[in-house]
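Subject: The structure you asked about

Hi,

Here is the structure for you to look at. Please open it alongside this email, and my notes follow below.

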Amino acid sequence: MNTSSSASSRYSQHRQFTGVPTKCWCGRKITTYCSQTDENPFRRFYRCEIAIQKNEEHLFKWIDEALLDETRMVDAKLMKLVDEVKVLRNEILSSFELQKKWVLDMEEEMKEKIKEEMMMENATIEEMGRVMARKSMERAAITFLVVGVVGWVCGKLMS
């Protein structure tokens, strides 16, 4: 009794198949057939080639049910992909916002550095202007002194 119970549970495990089958649990090819019964006239189904020949419990699945299973699996995968795309989109948007903030911070930092550099350059230019003015005044003073001395010497020589 145990052996028939385990055998029947083994067969029921093998008979359960989700989606469109490509091979039987035994490894044999699957063929499509058309039902000739009164309950399911012309309804198509998948069947293991061995099961037709030996009338053993191998794969049997209605094609419409297999296609419905397949559609549900595709829908489930699609929903999973949609969720993953939403998560990725949110991650990308979040990353984009962080990068945007980083760029704005860097821009502000650069503006501050440029402002500091310009102030330092202005101070340097002003200092150079003062130095040049002082040097020019010194040259002018020396020139006046030389002209004055030359004038004095000329005045002494002429008198």
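The expected span of a helix is taken as 1.5 Å times one less than its number of residues. For helix 3, with its 96 residues, that gives 142 Å, and the end C-alpha atoms are 135 Å apart, which agrees. Please keep in mind that this is a predicted model.

Helix 3 covers residues 63-158. Which of its residues are buried? They are Ile63, Ala66 and Asp69. A general point helps in reading that list: an α-helix has 3.6 residues a turn, so residues three or four places apart point the same way. As for what covers the buried residues of helix 3, strand 1, strand 2 and strand 3 are among the elements that do so.

Those strands bring us to the sheet. Three strands form an open sheet in the order 1-2-3, and their pairing is antiparallel. Strand 1 and strand 3 (60-62) are the edge strands, as each has a pairing partner on one side only. On average, neighbouring strands of the sheet are turned by 25 degrees against each other, ignoring direction. Helix 3 packs on this sheet and touches strand 1, strand 2 and strand 3, with its direction at about 80 degrees to that of strand 3.

Here is how the strands pair up:

- Strand 1 and strand 2 run antiparallel to each other, joined over five bridges. Across this pairing, Thr32 stands opposite Tyr46 of strand 2, and Ile30 stands opposite Cys48 of strand 2.
- Strand 2 and strand 3 are also paired in the antiparallel sense, over three bridges. Here Arg47 faces Phe60 of strand 3.

Is strand 2 mostly covered or mostly open? Mostly covered: of its five residues, four are buried.

One last residue deserves a look. Phe42 sits in the loop that links strand 1 (30-34) to strand 2 (44-48). Its phi is positive, about 65 degrees, even though Phe42 is not a glycine. For background, most residues other than glycine have a negative phi. Is Phe42 buried or exposed? The cut-off for exposed is over 50% relative accessible area, and Phe42 has a relative accessibility of 65%, so it counts as exposed.

Happy to go through any of this with you on screen.

Best wishes

Terms used
Residues are numbered from 1 along each chain as its sequence is written. This is a predicted model: local features need pLDDT of at least 70, side-chain atom pairs count only at pLDDT 80 or more; totals for chains, interfaces and linings use all residues. Side-chain values use heavy atoms; hydrogens and water are left out. Helices (H or I, at least four residues) and strands (E, at least two) are DSSP runs, numbered from the N terminus. Buried means under 20% relative accessible area, exposed over 50%, partly exposed in between (1.4 Å probe, protein chains only). Two strands pair if DSSP finds at least two bridges between them. Axes are lines fitted to C-alpha atoms, for helices over the stretch in contact, and angles run from 0 to 180 degrees between N-to-C directions. Contact means heavy atoms within 4.5 Å.
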